[in-house]
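Me: Please choose one part of this model and look at it closely, then place that part in the rest of the assembly. I would like a connected account, with each cut-off stated where it is used.

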Amino acid sequence: MARSSTWSMVWLVALREMRTRVLSKVFVLTSGLFVVAIVAGGAFLAFFGPDSQEASRLGVTPEAVALEPALASVAAASGTELEIEHVEPGAVEQQVRDGDLDAALSGSLPDLEVTVESDLDAALQTVIVAVVQQEALAGEIADLGGDPAAVAQQVADAEPRIISLDDAEERDPAQVAAGFVAGILIFIALMGGGQRVAQGVVEEKSSRVVELLLATMRPWQLMAGKVLGNVVVGLLEIGVIVVAALATAWGFDLLDASSLDLGAVAGWMLVWFLVGFVMYALLLASLAALVSRQEDVGSVISPVIGIMMVPYIVGVSIAPWNPESTLVEVLSYVPFCSPFIMPIRIALGTAGTMDVLIALALSLILVPALVWISGRIYSNAILRTGARVSLKQALGRS
Amino acid sequence: MARLEVDSLTKSYGGVRALSETSFEVHAGEVFGFVGSNGSGKTTTMRILLGVLEPDSGEVRWEGSPLDREVRRRIGYMPEERGLYPRMKVGDQLAYLARLYGLDTAAARDAVEQWTARLGLSERVGDEVQKLSLGNQQRVQLAAALMHAPDILVLDEPFSGLDPVAVELMSQVLREEAARGVPVLFSSHQLDLVERLCDRVGIIKNGRMVASGTLDQLRRTEHPQWIIDGPSSAGWLNGVDGVQVLETDGARTTVEVRRAGAEQQVLQAAMAAGPVREFAPARPSLTDLYRDVVSTDDGQEGEQ
C-alpha cells in the first residue's frame, strides 16, 4: 500500500503539473494561435514571397519540340524553374486561358510564337529570348562553317570572377530567419515555463497546500516534480511549434535551395531548451519560495528575468546579422546565456559540434551545484509564510 | 497500547522560542484536545509531528520508536489554514492527495467517493475548490486528511468556520476515527466543544504544556472546592476551621476545604444559618480552568 518510492512521488507531482497546465485553456489557446500564425506565415511566404515562386509552366507544340533541350539548359543555367509540357496546337489557347500553362511556344524558328494570357513573365521571357538568340546564332555560325556546340561551350565558360569587398559571406535568408525564430522561441518557452514554475510554487505556498504535500514527501521531490512536469509541458509547447514550422516549411516547399538543416536545428533547440529550462526553473522555483503572495512573485524573480533578457536581446538583435561578433561568440559559451544564443548560432551554421558540446558541458557542470543551492533555499523558505524570506535566511540553517 | 508521545520538544525561530520542552501523549483510540492562545505553539507542535518542521531538540515517538517517514505518511493531517489548490476540482484534488499517500488509482477513486459521500460533498466533486463555501472547503480538507485511513489524526483548528451542522458532523467523524483505534489530536479555541469531545486535554502557554490530562484530572485541585447555594451573608462560616471562602455571588458561595472532612461542618453551618438549596463539589468548566491557567503570572510557571 505504501508505495512511496522516491521517484513515484516526483512522477505524481509531475503528472499533476502536466495535467493542469496542458488542459488549461491558456495552453490550448496559445498553442493553437502559434500553429495558426506559423501556417499562415508559411502560406504568405509561399504565395507572395519573391524567391519562392513556383516553376513556370511552358507548353511546347510538336513543331517547337526541338527547342526543349535548349530551353531546359538555359533555364537551369539562369536559375529559373521551368516545367515543359507538350501541347497540341489546337489546345494552346484554351490551356493558357485556363491558367494550366503560363505560356506556350508554337511554330518553329524563325517564326516562333509565344502565347500568353496577358504578359509574359520576365524570367520566362529571358529564357525564351536567350534560346531564340542562341538558336539564331547557332544557325549563323553553322552557315559560316563554325561549330555551334564549341562556341556555346566557350560562351558558357566565359564567366567573370566576382570579387566581394565585404568580407562577410552572404547569409542564407532561411538561416537568418531560422536563427531569429529559434531565438524567439527559446525565449518564449523559457520565460513562459520559468514563470509558470515560479507561480506554481507560490500558489502552493500561498494556499498552504505545500504543508500537506510536504507531509507526504521531501521538499526536493516536490521541486523536482514541478520542474520535470513543466519541462514536459514546455517541450510539448515548443514541440508543437517546431512540428508546425517543419510541416509548414516542407508542405509549402519553403526550404528547397537552402543550406539550412532544419532537423538538426530543431533537435539542438530542444536540447538547449531542456538545459536552459532546468537551470532557470530551479533558480526561479527557489526564489519564488521566498515570497508568500502571488503579487510578490514578479519582484522576487525580476533579477533572473533581467538576466534572461540580456542574451535574448543580444541573440536576436545581433547574432542573425552578425554571427561572428565577439560578444555573441563569448556569450554563447556562458552558462545561463548559452541556451539563448547557441541555438541561434547553430541555425546560422556558425557553431561547430565542438563549440556546442563545450558550451553544453560548461552549463551541465553547474547543474549539480544549482540543484543543491536551489534545493536548500526552497526547503528552508517554502514553509515560512508571511514576510519575504531573505536569501541569507534561506541559505542559513533552518 | 499504541500511543503517540511528544517528548520535550523545543523549537526557536530566530531568537523567538516557540516551544520549550513541550511533552504530552495521545493514546490510541483517544481524542486529545489541544488548547492555547494564538502563538502559543500549537501549530508548531503539529508541524513538528508531521515532520514539516525539525525540532531543535526533543522527539516524537509512535509505539515507542521515533516517527520516521513511513509512519508520518500514515498520519492524516489538516493544516491550520486551508491547504488546497484553489483552482483544482474537489474530486481531482482529493484523488491526487490520496495518490500521494500511496493509494493506487482505483483505491483513490473509491476513497474519494466514500468520503465525499460521508461528508456531504458528493454534489460538489466536479467543482473547483475556490467555488466552495469556507465550510465546504473545510470538509474537503477533512476528507483529504482521512482518505488514506490514517493511523494517527492531527487536525489544526478543524472546527473554525463551521456551521453547527458541520460541527456535529466533524465531531461524529472524529469520534468514529477514535473508535477505530486512532489517536486523534486536534487544536481548537472552542473550549466547550473540546470539553464535550475530548478524553484528554492539554493546555499550552508560551510554548510550554502547562496542564494536561483528563478533565477530571485538570479539575483536581490541591484542596477540594465546594459550592453552597444557601445563606447569603458570609458570616455563617466564621466558626468553621480550615475553610477559605473563594468567591461569594449572592446566595452562592464557593469555598476551598483545606482540612479533610471540613465540608460536612460547612454544610451544617450553612443549614444552621438558613435553607440550603444546593451543596456540591465545584466542577469548573474547561473555560474556567483555561482562564485560570492562562492568566497565571508568567514568572511563576516559567520556573517550574
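Reply: Domain bounds come from an automatic or database domain assignment, which in chain B gives domain 1 (3-217) and domain 2 (225-286), with C-alpha centres 43 Å apart. In chain A the assignment gives domain 1 (8-47 + 170-395) and domain 2 (54-157), and 54 Å separate their centres, taken over C-alpha atoms. The model is predicted, with local features needing pLDDT of at least 70 and side-chain atom pairs counting only at pLDDT 80 or more, while totals for chains, interfaces and linings use all residues. Residues are numbered from 1 along each chain as its sequence is written, and chains are lettered from A and ligands numbered from 1 in the order in which they are written.

The part I have chosen is helix 11 of chain A, residues 294-317, where helices (H or I, at least four residues) and strands (E, at least two) are DSSP runs, numbered from the N terminus. The 24 residues of helix 11 of chain A should span 34 Å at 1.5 Å a residue, and because the end C-alpha atoms are 32 Å apart, the two values agree; the expected span is 1.5 Å times one less than the number of residues. Helix 11 of chain A nevertheless has a kink of about 55 degrees at Ser302(A), shortly before the proline Pro303(A), the bend being the angle between axes fitted to the seven residues ending there and the seven starting there.

Buried residues (20 or more other C-beta atoms within 10 Å of their own; exposed means 12 or fewer, partly exposed in between; C-beta atoms are placed from the backbone) in helix 11 of chain A include Val297(A) and Ile301(A), and also Met308(A), Pro311(A), Tyr312(A), Val314(A), Gly315(A) and Val316(A). Their cover includes helix 7 (173-206), helix 10 (262-288), helix 12 (326-331) and helix 13 (338-348) of chain A, contact meaning C-beta atoms, placed from the backbone, within 7 Å.

An unreviewed UniProt entry lists residues 297-318 of chain A among several spans under "transmembrane region"; positions are given in the numbering used here, feature names are shortened, and annotations may be inferred rather than shown by experiment. The span 297-318 of chain A is 95% helix and 0% strand, with end C-alpha atoms 31 Å apart. Residues 174-192 of chain A, listed under that heading too, are 100% helix and 0% strand, and their end C-alpha atoms lie 26 Å apart.

As for confidence, the mean pLDDT (the predictor's confidence in each residue, from 0 to 100) of chain A is 84, and 92% of its residues reach 70 or more. Among the elements of chain A, helix 6 (residues 148-157) has the lowest mean, 76, and helix 14 (residues 353-381) the highest, 92.

Turning to the partner chain, the contact takes 20 residues from chain A and 25 residues from chain B. On the side of chain A, helix 1 (6-22) and helix 8 (209-214) are the elements that give two or more residues, and helix 8 of chain A gives the most, with 5 residues. Chain B has 11 helices and 14 strands, and of its 304 residues 41% count as buried. Helix 1 (residues 42-50) of chain B is mostly covered, with 9 of its 9 residues buried, and just after helix 1 of chain B, Gly51(B) takes a positive phi of about 80 degrees.

Technical notes:
Contact = placed C-beta atoms within 7 Å.
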